[in-house]
Each structure stands twice: as C-alpha cells, then as structure tokens.
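Biologist: Please pick one spot in this model, look at it closely, and then walk me outward from there. I would like to know what is covered and what is open along the way.

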Amino acid sequence: MMTLVRANGIEIDVEESGPRDGPAILLIMGLGAQLVRWPPAMVEALAALGYRVIRFDNRDVGLSTKFDHAGVPSIVWTVMQKQFGRVPPVPYTLTDMAADAVGVLDALGVERAHLVGASMGGMIAQLMAARWPERADSLTSIMSTTGHPGCSRPSMRATALLLRHPRSDDIEAIVAHGTMAGRAVSGRFPMEDAMMAERIRAETLRNRCPTGFLRQMAAIVADGDRTERLRAIEAPTLVIHGSDDPLVPPAGGRETARAIPGARLLEIEGMGHTLPPELIEPIVAAIDEHVRAGTSPLVARAA
C-alpha cells in the first residue's frame, strides 16, 4: 500500500507491506536513498513473518517534500565549523528527520514500532530511540555509527566517490557513477553490474534530488558525536555491521554497540556498505530473533 502522509509539517511518501495488525517494523533508509533501496526480498521476508513493514522516503529524497528553498550547504564549510566547535547552521538536523519518522507513525496510527535503520537511517533510528523511547519497541542499527570522528571516517576512495556525486541530469552518467560506487562499497558481496545499473536507473527515474543529498550530508556532519545521547537508549538494540565496510568502518558499529546499554553486535564477515542478496536471509533472521526474543550484552560474529 502506497500513501502520502502529512507528518511533522511536511509530506512524506510511505509504503506498507504485510498484515496491518502485525507488529510494526519501521525501515529507515540512508543518505540520499529512497524507500525502494530496501531490497524487496528483505521487505517480503519480514512481511511473510507477520510484520507490518513500513518504509518511507526521508525528507529531500524520493516523493517526499524537498527543501530546495533552503539552498545548498557547503559540506567543507560545515565540517570546518564543526571542527572549531561551532554549531553550523544547516537546513535541518538529523533530529528533525527523526521527528519525521515519529510523524509517520502518528499519521498511520502506530503507537510503537521496531526501528530498523541503515547507515544514515541507523543514525535517525538511534536518535528516535533516544529522544522518543515510548515509540521504540526495539532498535536495529545497520552499518551505522555513533558519529564520533575517531570511528566514523570513510576510506579515501569512498570519500571521493561521495563528493563526486553527479549533479547533472545525464542518466547514463548517473548510472555509471552509481554502479562504480556500489561496486566500491560492496565488500566481498558485489552485485552484478547489470543488476545494479537497473536498480539505479529505476531509482533515478522515480525521483532524483542531488541537492537533497547535500542537505542530508550536512545534517549528518552537524549532528556530530551521538555517544552520550546513545547511552540513554533503553530499547533492546541489535547492531549489524560488515567487516569490510569502507564507507562506515567496522569501528562505527563496534562503538555503537558499546555506547548503547545491553546492545548486541552482529559483525558479518565480508559485508560492505550494502544489503546484498546473499545476506538477506541471515539479516532478516537476526532481526526477527532480536524482535521476538530481545537482546543480551553479548558479541556475536557471523561468518
């Protein structure tokens, strides 16, 4: 089911799968990514387990409200302001985006949900669980981080790929860059180029907002280190991270698990900064087990 809802003063595109009376799982996607970036196999598997799976486009991507009126922030300037201990003025914050997610639940009449966020979506889910604990039955933070600079620096190549994000409307250039970037961050589970190109083309035709990508990136930079805020999280937490993630190094996942009381870390050998087809089954199984049984302060490693 697809619908456009009014939440936190903006319009947000939402899609639902699975039984309406099932436990709600709210999937929150990452930087510049639309709700369709969640692998269909993952959405279908969670729905088949009886969950009400809710996906949505974050502000500034997909079919949700764009913030073009706010202008385009300078990422370099925002980073410099943060390094000098200043609070950089940005079009919106990650907390604003977490409030969007709360607004989605409000619009759908969902009191509580299991939060599952990937990359920037993990950051948003963390903030939601910390600031609105009454809305979070559990938290699963995937390939995300605390924001502490010591554990959050991407590789030089991954940084270069992010900063070279195409801004033209040449779809072939967009697909070529996206395919190259996807290959670079996929760890030991690369997607076939043709399959990746097809996905990127479909996402681009659905909607594209390169300035929104920059505004979201500025929000990430401005949010800074969340470590102390994460210590307040009471929801049972599962942290999933790949050992070969070049965009958010494994230290980001490890520090996230250390910061959240009682969190469990599942570090998947060979996984990069993607949700590859080969890992959907174990990731869904881990989320399902976590949601049903809760967590304990153990550290596990999956081969």
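**From a surface loop to the covered parts**

Modeller: Happy to. Let's start with Phe84, which sits in the loop between helix H2 (75-83) and helix H3 (94-108). Do keep in mind that this is a predicted model. Phe84 counts as exposed because its relative accessibility is 60%, and the cut-off for that label is over 50%. Phe84 also has partners at the surface: together with Val76 and Met80, Phe84 makes a nonpolar patch of about 340 Å².

Now for a contrast in another loop. Arg226 is found between helix H9 (210-223) and helix H10 (227-230). With a relative accessible area of 1%, Arg226 is buried, since that label applies under 20%. What does Arg226 touch, once residues up to four places away in sequence are not counted? Its contacts are Leu94, Met123, Gln126, Leu127, Thr145, Thr146 and Gly147.

Some of those names lead us into helix H4, which covers residues 120-131. Among the residues of H4 that are buried are Met123, Gln126 and Leu127, so these partners of Arg226 are themselves under the 20% limit. As a reminder, an α-helix has 3.6 residues a turn, so residues three or four places apart point the same way. Back in H4, the burial goes well beyond these partners: ten of its twelve residues are buried, including Met120, Gly121, Gly122, Ile124, Ala125, Met128 and Ala129. The helix reaches 17 Å from its first C-alpha to its last, close to the 16 Å expected.

Another covered place is Gly178, in helix H7 (residues 171-185). Its relative accessible area is 18%, so Gly178 counts as buried. Leaving aside neighbours within four places in sequence, Gly178 is in contact with Met196 and Ile200. Ile200 is 22 residues away from Gly178 along the chain, and their C-alpha atoms are separated by 6.7 Å.

Last, a word on the cysteines. Cys151 counts as buried because its relative accessibility is 7%, and Cys209 is buried as well, at 14%. How many disulfides does the model have? The count comes to zero, where a disulfide would need a pair of cysteine sulfur atoms within 2.5 Å.

To return to your request, the walk began at Phe84, which is exposed, and passed through Arg226, which is buried, to helix H4, which is mostly covered.

Terms used. Residues numbered from 1 in each chain as written. Predicted model: local features only at pLDDT ≥ 70, side-chain atom pairs only at ≥ 80, totals over all residues. Heavy atoms only, no water. Helix = DSSP H or I, 4+ residues; strand = E, 2+ residues; numbered from the N terminus. Expected span 1.5 Å × (residues − 1). Buried < 20%, exposed > 50% of the residue type's maximum accessible area, 1.4 Å probe, protein only. Patch = residues over 30% accessible without salt bridge, like charges linked within 9 Å, V, L, I, M, F, W, Y side chains within 5 Å. Areas by Shrake-Rupley, 256 points an atom, 1.4 Å probe, with all protein chains shown as cover. Salt bridge = Lys/Arg side-chain N within 4 Å of Asp/Glu carboxyl O. Contact = heavy atoms within 4.5 Å.
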